[in-house]
Amino acid sequence: MAKSINSKSVIRDQQIARLHDYLQNPKNQSQINHLYEELFTDSAFSNGSTFGITLSMDDELNTQPIIHWALSHGKKVAVPRTLPHRQMEFVLLEPDTVLSQTKFGTIEPVGGNVLSKNQLDTLLVPGLAFSKTHYRIGYGGGFYDRFLKGFTGTSIAVATPVQLFAEPVWDVEDFDVKINQLVYEK
């Protein structure tokens, strides 16, 4: 069966290439730095005390500056670990946290102190595409949509210009969970 023009898999393929090109272009670094500053000065983010933040891979917006900012401002940071059945949990990032690369290429904690969902007040949600109406396309595993169901904290995403759409150009499905806050260059 042919993919519809608005299928998430088509959009994912396009967005992976667009994001890769954007992040690899040194001319975009000042714009990326400005996005970090937008995030750090956003009250929904800066007022948080315990953050869930993914450890970025090469073709994703680098989360190390965000993690560094949070830790240097006395915040707690927890990073995700995937579980069976497309579930995940967040483990407190501490100086002695052991990290390991999974077979999918992601970096995850080994062991460590697991925080319950309600212990995270702020969740930085990754993705490939975001609409200004707060819908997103992730990488296709559904981990974040599952985690966001019943999450009572604030979910925030940072969108580079190539990730931002006025409205979803993809099919929004019943299981898609909107994020609370979207940070982008206005």
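Student: In this predicted model, how many bridges join strand β8 to β9, and do the two run parallel or antiparallel?
Tutor: Strand β8 covers residues 129–131, and one place to look is A129, which stands opposite I137 in β9. Following the pairing of β8 with β9, one finds that the two strands run antiparallel, and that the bridges joining them number 2.

Student: Which strands are at the edges of the open sheet that holds β8?
Tutor: This sheet is formed by 3 strands in the order β9-β8-β11, and its pairing is mixed. An edge strand here pairs on one side only, and that applies to β9 (136–137) and β11 (164–165). The edge strands are therefore the two that stand at the ends of the order, with backbone hydrogen bonds being what pairs the strands of a sheet in general. The names asked for are β9 and β11.

Student: Why do β6 and β12 each have one side without a neighbour in their sheet?
Tutor: Their open sheet has 7 strands with mixed pairing, in the order β6-β3-β2-β1-β7-β10-β12. Because β6 (114–115) and β12 (181–183) stand at the edges, one side of each is left without a neighbour, and what each has is a single partner strand.

Student: Which residue of β12 is the bridge partner of I156?
Tutor: Strand β10, residues 154–158, is joined to β12 by 3 bridges, and the two strands run parallel. In β12, the bridge partner of I156 is Q181.

Student: Which residue in the hairpin of β2 and β3 takes a positive phi?
Tutor: Strand β2, residues 76–83, runs antiparallel to β3 and is joined to it by 6 bridges, and T82 stands opposite M88 in β3. The hairpin has 3 residues between the strands, and the positive phi, near 65°, belongs to H85.

Student: How many of the residues of β3 are buried?
Tutor: Besides its pairing with β2, strand β3 is joined to β6 by 2 bridges in an antiparallel arrangement, with F90 having L115 as its bridge partner in β6. Strand β3 spans residues 87–92 and is mostly covered, for the number of its 6 residues that are buried is 5.

Student: What is the radius of gyration of the protein chain, and does it agree or disagree with a compact globule?
Tutor: The C-alpha atoms fill a box of roughly 45 × 40 × 30 Å along the principal axes, and buried residues make up 47% of the 186 residues. A compact globule with 186 residues would have a radius of gyration near 16 Å, so the value for the protein chain agrees with that expectation, being 16 Å.

Methods:
Residues are numbered from 1 along each chain as its sequence is written. This is a predicted model: local features need pLDDT of at least 70, side-chain atom pairs count only at pLDDT 80 or more; totals for chains, interfaces and linings use all residues. Side-chain values use heavy atoms; hydrogens and water are left out. Two strands pair if DSSP finds at least two bridges between them. Helices (H or I, at least four residues) and strands (E, at least two) are DSSP runs, numbered from the N terminus. The radius of gyration is taken over C-alpha atoms; the globule rule is 2.2 Å times the number of residues to the power 0.38. Buried means under 20% relative accessible area, exposed over 50%, partly exposed in between (1.4 Å probe, protein chains only).
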